[in-house]
There are 2 protein chains.
Amino acid sequence: MLWERAREPHAHRWSLPGGGLGADEDVEASIRRQLAEKVDVRQLSHVEQLAVFSAPTRVPGPRVVATAFLGLVPSDTDPVVPSDTAWHPVDALPPTAFDHEAIIKRARHRLAAKLSYTNLGFALAPPSFTISALRSLYSAALGYKVSATNLQRVLSRRGLLEPTGGVAPVGPSGGRPAALFRFVSGEMRVTDPFAVLRPPAGRSLGM
Amino acid sequence: MLWERAREPHAHRWSLPGGGLGADEDVEASIRRQLAEKVDVRQLSHVEQLAVFSAPTRVPGPRVVATAFLGLVPSDTDPVVPSDTAWHPVDALPPTAFDHEAIIKRARHRLAAKLSYTNLGFALAPPSFTISALRSLYSAALGYKVSATNLQRVLSRRGLLEPTGGVAPVGPSGGRPAALFRFVSGEMRVTDPFAVLRPPAGRSLGM
């Protein structure tokens, strides 16, 4: 999600939502506040610090150090965005401001990596979905097509995915109704850590 | 590695090495410079941004936002540290300054998590080592004992560890000489990403 800058610097280029850190907030409170106030994004399914971008000349004028976040919303979210704001495919970005393309690429890289060893797909998917819809989400996030059969197999085998028992409505073209699935958990975890390194009972490892 | 503060604020409490961002450097260049200049740590086997610590009152006086890094050195590294600086076990910290204990705990958590799904042990180990020595390193990093047999099995099976062909010198008490091992790679990678999500040839996923 990007907004088009009306004024210099970098007029008519597209920026990530964000802004200055307020005196009474930390960086995560700040980005959540600004997403809610500026672009009506209030229900993030996953938020994590991505990286600090701090090259001395990344922005013209007085020095600005940015803390970038990866924030995900389920694919069925449709916030009421301002008229200067729009969603863009990561693989077809408009001209971007400052180092925001590098930030977006880093975020995409992080997302793709985490999809390959965690259950993070839960943060992109609606509450229930067909395997075909899930495959589209994974393919979009990764930037290349994955096999629906293999995706279902690997996610099910690792206990991440379960059938809801329901089926999707049959479309106008008819055909067999597709089974609906959901993610078992809505909290990110590594799907296959070395069992030998698991902590004793009562302790847990996160990210 | 911590240094004891001589002056207020938080005199006689222990701080992580670090300092102000210079006008001509980014945050990673800054922490590498400060580690080299202040505590003689020049050969980091792994460096990654950990998180931004930005609570409004984390430090007395004017606001300070910190970018914290996880930096690892091999266990046989012995830098010439200043007289106010010393290594401390993470599980037995002296009184720490500001929010540095929270930073250390976060770093330890990150390290423990990454040891469970990457080859990051390479960054803690010397060039060659016995399984018994490696087990001590993993146990110290994780905060609980792991089995040497299981550790060797899981790291070997995933292709992370290989025998050097050599053996360790026999100690004064005699016994059978122990085989020496090394890590296959000195670059961090996820050890078992979902194969179905692997990118097409020629593209790679990192962290």
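How much area does chain A expose, and what share of it do carbon and sulfur atoms supply? In this predicted model, the exposed area of chain A comes to about 10,800 Å², of which 53% is supplied by carbon and sulfur atoms. Of the 207 residues in the chain, 44% count as buried, and the C-alpha atoms fill a box of roughly 55 × 55 × 30 Å along the principal axes. The 24 positive and 18 negative charges of chain A have mean positions that lie 9 Å apart.

Chain A contains 4 helices and 7 strands, which follow one another along the sequence in the pattern β-β-α-β-β-β-α-α-α-β-β. When contacts between residues at least 6 apart in sequence are considered, 57% of those in chain A join residues at least 24 apart.

Helix H1 of chain A, which covers residues 27–39, has 13 residues and should therefore span 18 Å at 1.5 Å a residue, in agreement with the 17 Å that separates its end C-alpha atoms. The buried residues of H1(A) are Val27(A), Ser30(A), Ile31(A), Gln34(A), Leu35(A), Ala36(A) and Val39(A). An α-helix has 3.6 residues a turn, so residues three or four places apart point the same way. The cover over the buried residues of H1(A) includes strand S3 (46–53), strand S4 (66–72) and strand S5 (85–86) of chain A, together with strand S3 (46–53) of chain B. After H1(A) comes Asp40(A), which has a positive phi, near 65 degrees.

Key: Residues numbered from 1 in each chain as written. Chains lettered and ligands numbered in written order. Predicted model: local features only at pLDDT ≥ 70, side-chain atom pairs only at ≥ 80, totals over all residues. Heavy atoms only, no water. Helix = DSSP H or I, 4+ residues; strand = E, 2+ residues; numbered from the N terminus. Buried < 20%, exposed > 50% of the residue type's maximum accessible area, 1.4 Å probe, protein only. Contact = heavy atoms within 4.5 Å. Areas by Shrake-Rupley, 256 points an atom, 1.4 Å probe, with all protein chains shown as cover. Lys, Arg positive; Asp, Glu negative; His and termini not counted. Charge placed at Lys NZ, Arg CZ, Asp CG, Glu CD. Expected span 1.5 Å × (residues − 1).
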